[in-house]
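Let's take a walk through this protein chain, from its overall layout down to a couple of single residues. Have the structure open so you can click along.

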Amino acid sequence: MSHNKVVILGSGPAGLTAAIYAGRANLNPVVLAGHVPGGQLTITTDVENFPGYPKGVQGPDMMDDLRLQAERFGADIRNSHVVDVRFGDPHVMELEGGEIVETAALVIATGASAKWLGLKNEKSLLGRGVSACATCDGFFFKDRVVAVVGGGDTAMEEALFLTKFASRVLLIHRREEFRASQIMQDRVLSNDKIEVVWNTVVTDVLSSNGEAVEGVSVKDVLTDYSREIQVGGLFIAIGHSPNTDIFLGKMDMDSEGYIKVVGPGTQTTVPGVFVSGDAADNVYRQAITAAGTGCMAAIDAERWLAENE
Ligand SMILES: Cc1cc2nc3c(=O)[nH]c(=O)nc-3n(C[C@H](O)[C@H](O)[C@H](O)COP(=O)(O)OP(=O)(O)OC[C@H]3O[C@@H](n4cnc5c(N)ncnc54)[C@H](O)[C@@H]3O)c2cc1C
């Protein structure tokens, strides 16, 4: 069993930024990196919107840089996944394999996972034309035809955002009406660049070389008629799930499982437990906002320890 001042759950931009700050505050943070060391950016290619990289950077390279920076200040980064948490004094975590880790202050940075369609090529073409983030990747599709899948507000936002770059946006939806808010539907339906493909599901992503998306196979759910459509990009906008199951019933969350903060900082409803990044953010979901709240969580934890230890 190890007892620590600060443990950080997660090694994405939020967790590693928290580790840099906690390390520089001499708190000797332990980072439990989880099943995806480096977080979501390790499954993408070009990241062009993180400040400090004028030529852009590959997602995995950026996360290696953050990891090295955190280790430089003494962060102990372990490839461990937490399976259970008991809040108290101290907070107690059980790792896969049964090891127990205790901590006075805890920073949750467990992120979120985009929901995928489950298509054969979908994951291998991530960052090569398949995306779950128009804000991140829309810029790469100037004057291309792209498809967006979904029928909620996120899909409407993604489709509208993509009209700034793409020559045409096909919004593919499996039903004959959207569940998005009326105002977002109205914006989409009145936009000349967006064409809605109703009652249709995507059944495959097409790529002859595995390097770039060339089209999608779709099926009309009313007629079973299948066809191929040429597109240069496929944006999947069917939602995200925060990775917060281990905290269910133990702290306040919204109806989708995003952890709630108390007040303007990162303090959760459990004393000494702070949250950062996508685990608490259903709105921005960017590496820079995750890093920003990771910094806030480390400073909040440091101040809480100073007042309570
Ligand atoms: C394909 C793709 C491309 C993207 N491109 C961009 C981009 O270009 N620019 C941009 O700003 N954003 C981009 N994003 C969004 C960005 O990746 C996220 O906003 C950001 O990674 C969130 O950081 P985070 O630290 O909150 O969580 P994540 O990056 O999701 O990391 C979560 C971490 O928590 C760990 N974890 C989870 N559960 C546990 C547990 N039980 N125990 C221990 N550890 C656990 C995981 O192993 C992981 O290390 C992209 C996202 C995707 C999916």
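Start where the two halves meet: four residues of domain 1 are in contact with four residues of domain 2. On the domain 1 side, the touching residues split into one nonpolar, two polar and one charged. Keep in mind that this is a predicted model.

As for the bounds, the domain assignment gives domain 1 as 2-114 + 241-308 and domain 2 as 130-236. Their C-alpha centres lie 33 Å apart.

**Around the ligand**

How many residues surround the ligand? There are 43, and the closest are Gly 12, Gly 34, Gly 39, Gly 111 and Gly 277. By type, the shell divides into 24 nonpolar, 17 polar and two charged residues. Both domains take part, with at least three shell residues drawn from each of domain 1 and domain 2. If you want to find the shell by element, α1 (13-24), β9 (112-114) and α6 (287-308) each supply at least two of its residues.

**The five-stranded sheet**

Now look at the open sheet of five strands, which runs in the order β10-β17-β11-β12-β13 with parallel pairing. The edges belong to β10 and β13, each of which pairs on one side only. Helix α4 packs on this sheet and touches β11, β12, β13 and β17, and its direction makes about 170 degrees with that of β11.

Strand β17 (residues 233-236) is worth a click. On one side it has Gly 233 and Phe 235, on the other Leu 234 and Ile 236, and all of these are buried, so both faces of the strand are covered. Its neighbour β10 (residues 130-131) runs parallel to it and is joined by two bridges. Its other neighbour, β11 (residues 145-149), also runs parallel and is joined to β17 by four bridges. Here are some of the bridge partners to look for:

| Residue | Bridge partner in β17 |
|---|---|
| Ser 131 | Phe 235 |
| Val 146 | Gly 233 |
| Val 148 | Phe 235 |

Back to the helix that packs on this sheet. Which residues of α4 (residues 153-162) are buried? They are Thr 154, Ala 155, Met 156, Glu 158, Ala 159 and Leu 162. The cover over them includes the strands β11, β12 (168-172), β13 (194-197) and β17, along with the helices α3 (134-137) and α5 (182-189).

**The three-stranded sheet**

There is also an open sheet of three strands, ordered β14-β15-β16 and paired antiparallel. Why do β14 (200-206) and β16 (226-230) count as edges? Each has a single partner strand, so one side of each is left without a neighbour in the sheet. Neighbouring strands here are turned by 30 degrees against each other on average, direction ignored.

Five bridges join β15 (residues 215-220) to β16, the two running antiparallel. For a landmark in this pair, find Val 218, which stands opposite Arg 227 in β16.

As a general reminder, strands of a sheet pair through backbone hydrogen bonds, and they do this either parallel or antiparallel.

**Two residues up close**

Val 130 sits in strand β10. Is Val 130 buried or exposed? Val 130 has 23 other C-beta atoms within 10 Å, and since 20 or more is the cut-off for buried, Val 130 is buried. Setting aside residues up to four places away in sequence, Val 130 touches Glu 122, Leu 125, Val 205, Val 213 and Leu 234. For a longer hop, Thr 44 is 86 residues away from Val 130 along the chain, yet their C-alpha atoms are separated by 9.7 Å.

Next comes Lys 193, found in the loop between α5 and β13. Lys 193 is partly exposed, because it has 13 other C-beta atoms within 10 Å. Leaving out neighbours within four places in sequence, its contacts are Thr 163, Arg 168 and Val 169. Compare its position with Pro 13: Lys 193 and Pro 13 are 180 residues apart along the chain, and their C-alpha atoms are separated by 35 Å.

Notes. Residues numbered from 1 in each chain as written. Predicted model: local features only at pLDDT ≥ 70, side-chain atom pairs only at ≥ 80, totals over all residues. Buried ≥ 20, exposed ≤ 12 C-beta atoms within 10 Å, placed from the backbone. Pairing = 2+ DSSP bridges. Axes fitted to C-alpha atoms, helices over the stretch in contact; angles between N-to-C directions. Near = placed C-beta within 6 Å. Nonpolar A, V, L, I, M, F, W, Y, C, P; charged D, E, K, R; others polar. Domains from an automatic or database assignment. Contact = placed C-beta atoms within 7 Å.
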